[in-house]
Amino acid sequence: MRLEEHLSGCEPDLAKLILKIADSCKTIKSGFMSRQSCSDTENVYGERQMALDKWADEVLIADLKASGLVKYLASEEQPEILEFDSAGNFGVTMDPLDGSSLIGVNLAVGTIIGIYRGNVLAPGNTMVGAMYVLYGPLTTLTYTVKKGVHEFVLDASGDFVLQKENIRIPDGKIFAPGALRKEYLPGHLKWIEALEADGYKIRFSGSFVADVHQILHKGGVFTYPGYQGNENGKLRLLFEANPMGFIIIQAGGAASHGMGDILEVIPVKVSQRIPIYIGGIKEIDLIEKFTMEG
Ligand code: AHG
Ligand code: MN
Ligand code: MN
């Protein structure tokens, strides 16, 4: 079944928006070969942008502006929320290219999207949908509109075709731990040691979207915690934590900042960072217990 058919029961404008983003991602994928270099600019987080970061950002901004469906667009690569004079009222958040340090070594990277009605400076639990496209050996698209989590694969004729419907996160013993061990906070260190003692294996690639995708299919937990000197961690609430957390929760998992549900956080600024724990409920319950104990 093609993505278009799968979305036929969905609210028509939301379906159109998801299809439009799917098309933009096909365009992004087609540009990998000629955009392997580093640019000479930095984004608002002080990170050097890759040519592909900038181009993916431009493709999505142009396509979403032209769609007439989107009023507010927040991008990891833009300092402010963009506002379009549009008939539609969707708000979209995007990490146009996640994992961009891996572009030069041909490992999986992706595009992460959150969809709201109206402004995007709102808690993640007000999202109406979320999706990501993973550019790996295959290009896959995973989406939810709060009716299950479904995965599609880009076929040779350029269609996203259904690969797996109603994905549920299984039990599993992998963990993807970001940050430096010597800078872990006490509750986090205790939790990591508990996972290790329980036989969890490390799987951390440097691409959040790819690591969470693996956990969606194999179980376990991804974390980029708060750490000494950076209590809010590295990853971004609007662009990374909320959309991927939303998808994992729809698949039966959990998403926490260590002391509660990420999706309940009211953002105060577009570039807000947050400690991240995303994965199985039992791993998330355990970190919350350890964090509360201090
Ligand atoms: P982005 O490429 O969008 O800037 O995100 C990179 C993120 C995330 O994908 C990954 O989990 C994390 O940065 C890796 O950070 P470290 O290099 O500190 O491990
Ligand atoms: Mn990212
Ligand atoms: Mn990015």
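## Two manganese ions and a nearby-in-text sheet

Along the sequence, the donors of the manganese ion (ligand 2) follow the spacing D-x2-D-x141-E. Keep in mind that this is a predicted model. For the manganese ion (ligand 3), the donor residues run E-x18-D-x1-L instead. Here are the two sites, with their donor atoms and distances:

| Ion | Protein donors | Distance |
|---|---|---|
| manganese ion (ligand 2) | D95 (OD), D98 (OD), E240 (OE) | 1.9 to 2.1 Å |
| manganese ion (ligand 3) | E76 (OE), D95 (OD), L97 (O) | 2.2 to 2.3 Å |

D95 turns up in both rows, since it bridges the manganese ion (ligand 2) and the manganese ion (ligand 3). Those two ions sit 3.6 Å apart.

So how buried is that bridging residue? D95 has a relative accessible area of 0%, so it counts as buried. D98 comes in at 5% relative accessibility, and that makes it buried too. L97, a donor through its O atom, is likewise buried.

Now for the sheet. Five strands make up an open sheet with mixed pairing, ordered β12-β11-β13-β15-β14. At its edges are β12 (201-202) and β14 (254-256), each of which pairs on one side only. Helix α6 (residues 237-250) packs on this sheet and touches β14 and β15 (276-279). The direction of α6 makes about 25 degrees with that of β15.

Over at the β12 edge, strand β11 (residues 174-177) pairs with β12 in the parallel sense, over two bridges. In that pairing, F175 stands opposite I202 in β12.

Definitions and conventions: Residues numbered from 1 in each chain as written. Chains lettered and ligands numbered in written order. Predicted model: local features only at pLDDT ≥ 70, side-chain atom pairs only at ≥ 80, totals over all residues. Heavy atoms only, no water. Donors = N, O, S within 2.8 Å, 3.2 Å for Na, K, Ca; no water. Buried < 20%, exposed > 50% of the residue type's maximum accessible area, 1.4 Å probe, protein only. Pairing = 2+ DSSP bridges. Helix = DSSP H or I, 4+ residues; strand = E, 2+ residues; numbered from the N terminus. Contact = heavy atoms within 4.5 Å. Axes fitted to C-alpha atoms, helices over the stretch in contact; angles between N-to-C directions.
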